[in-house]
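Me: I'd like to learn how to read pockets, cavities and a bound ligand in a model. Could you walk me through this one?

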Amino acid sequence: MEKNFDWENLGFGYIKTDYRYVSEYKNGSWDEGKITTDENITINESACVLQYAQTCFEGLKAYKTEKGNVVCFRPDLNAKRMADTALRLEMPPFPENRFIDAVVNVVKKNISWVPPYGSGATLYIRPFLFGKNPVMGVKPADEYEFRIFTSPVGPYFKGGAKPIILRVPDYDRAAPHGTGHVKAGLNYAMSLHAICEAHKLGFNENIYLDSATRTKIEETGGANIIFVTKDNKVVTPKSPTILPSITRRSLMYVAKNYLGLKTEEREIFKEELNEFKECALCGTAAVLSPVGKIYDHNNIINFPAGMEKMGEITQKLYDTLTGIQMGKIEAPEGWIKVIE
Ligand SMILES: *Cc1c(COP(=O)(O)O)cnc(C)c1O
């Protein structure tokens, strides 16, 4: 039975749940891991994570399906992505099979925190990994901690998804050959100033360009982007400095194999934005958020789908993917991990 909670009015913020998973890496190996109730971490003042930001994370959700199962969506891809990120940051990857087992384990322990079916709320799962022992010179830590905590989060859009407004900032997110393709905390630290500035100016998010030429569309600070052409092709930017969103990869599959649409991953130039009829952000938190307008300094791109509701194709993609996640539509093999 679920906790007694006002699930519909929950926001997207941290709420302490009962249990979290922790495993420590020392002397070249990971320990067996355990479940703990302690949400606080005590570390040395010179821990590598504090001085040199040696940390990365993942984000996924557990939710109830129509049939009452508790499931999560493609956790194997989060496990793989975190391992890729860890290697890029010179951290020992947490074994992928153990990552999935730990997710299952920590959700089972917090099962009463998984919101009821139909509430729109979900249990957000946050795996993270950081360098723990003191370092002084610039080098990777020798000791690490891998943790997973959970927090119930409310429906991302209360009262339906309203289109948002993006701006093209004068800041860049990712350098060529840098860390844009991995889920490193440092990518977020340096995006905070740009997001605060965007909010102050009345925009919802920043849409970043490729920093080498500043002519191509990449993504926002925490979500990938898709476009729909006037002849209903679903297009997404191709770039080595974009974070490979699991939601985006799933949506492209759904567009092609469930909706019979043409799909394309290719370079998208800023100049082409006027040619698309729909635009949306995609990521675990909201699945899809429609974009109504993009401000590129004095140039304003108004997508024909407008500022009132999701575009027609965006809505179909949203309904199909969330239908698959909630067990209303049959999922491709291996997409749904049943926890209980
Ligand atoms: C996490 C993240 C996304 C979304 O990825 P999902 O796997 O779909 O949640 C997109 N862009 C960035 C920069 C991210 O960190």
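Reply: Happy to. One term comes up straight away: helices and strands here are DSSP runs, numbered from the N terminus, with at least four residues for a helix and at least two for a strand. Please keep in mind that this is a predicted model.

Me: Which elements supply at least two residues each to the lining of the largest pocket?

Reply: On the strand side they are β7 (122–131), β8 (144–153), β10 (205–206), β14 (276–283) and β15 (287–296). The helices are α4 (185–189), α5 (192–200) and α6 (246–257).

Me: How do I find empty space to begin with, and how much space lies in the largest pocket?

Reply: The general idea is that rolling a probe the size of a water molecule over the atoms shows where empty space is left. In this structure, the largest pocket holds about 1100 Å³ of space. Its lining comes to 45 residues, and those nearest the centre are Phe-12, Tyr-156, Tyr-188, Gly-222 and Ala-285. Sorted by class, the lining has 22 nonpolar, 17 polar and six charged residues.

Me: Where does the ligand sit?

Reply: The ligand is in the largest pocket. Around the ligand there are 15 residues, with Lys-183, Tyr-188, Ser-245, Thr-247 and Thr-284 the closest. That shell splits into four nonpolar, seven polar and four charged residues.

Me: Which polar side chains should I look at beside the ligand's oxygen atoms, and what are the distances?

Reply: Look for pairs of N or O atoms within 3.5 Å, the cut-off for a polar contact. Tyr-188 has a polar side-chain atom 2.3 Å from a ligand oxygen. For Thr-247, an N or O atom of the side chain is 2.6 Å from an oxygen of the ligand, and for Lys-183 the corresponding distance is 2.7 Å. As for burial, the ligand on its own has 380 Å² of accessible area, and the protein covers 96% of it.

Me: What does the second largest pocket look like, and which element gives the most to its lining?

Reply: About 730 Å³ of space lies there. Its lining has 37 residues, and Gly-120, Val-287, Tyr-318, Thr-322 and Met-326 are the closest to the centre. Two or more lining residues come from each of β5 (60–64), α6 and α7 (312–325). The biggest share is from α7, with six residues. By class, the lining of the second largest pocket has 18 nonpolar, 14 polar and five charged residues.

Me: How many cavities of 30 Å³ or more does the structure hold, and what lines the largest cavity?

Reply: A cavity is space where the probe fits but cannot get out. The structure holds one of 30 Å³ or more, and the largest cavity has a volume of about 30 Å³. Among the residues lining this cavity are Pro-163, Glu-278, Cys-279, Pro-290 and Lys-309. Both β14 and β15 give two or more residues to that lining. Its classes are five nonpolar, three polar and two charged.

How values were computed: Residues numbered from 1 in each chain as written. Predicted model: local features only at pLDDT ≥ 70, side-chain atom pairs only at ≥ 80, totals over all residues. Heavy atoms only, no water. Near = heavy atom within 4 Å. Polar contact = N/O pair within 3.5 Å; in protein donor to acceptor, adjacent residues only side chain to side chain. Areas by Shrake-Rupley, 256 points an atom, 1.4 Å probe, with all protein chains shown as cover. 1 Å grid on protein atoms, 1.4 Å probe; cavity = no way out; pocket = protein on both sides within 12 Å on 5 of 7 lines; lining within 4 Å. Sits in = over half its atoms within 2 Å of the grid points. Nonpolar A, V, L, I, M, F, W, Y, C, P; charged D, E, K, R; others polar. Points joined across faces, edges and corners; volume = space filled by probe spheres on them.
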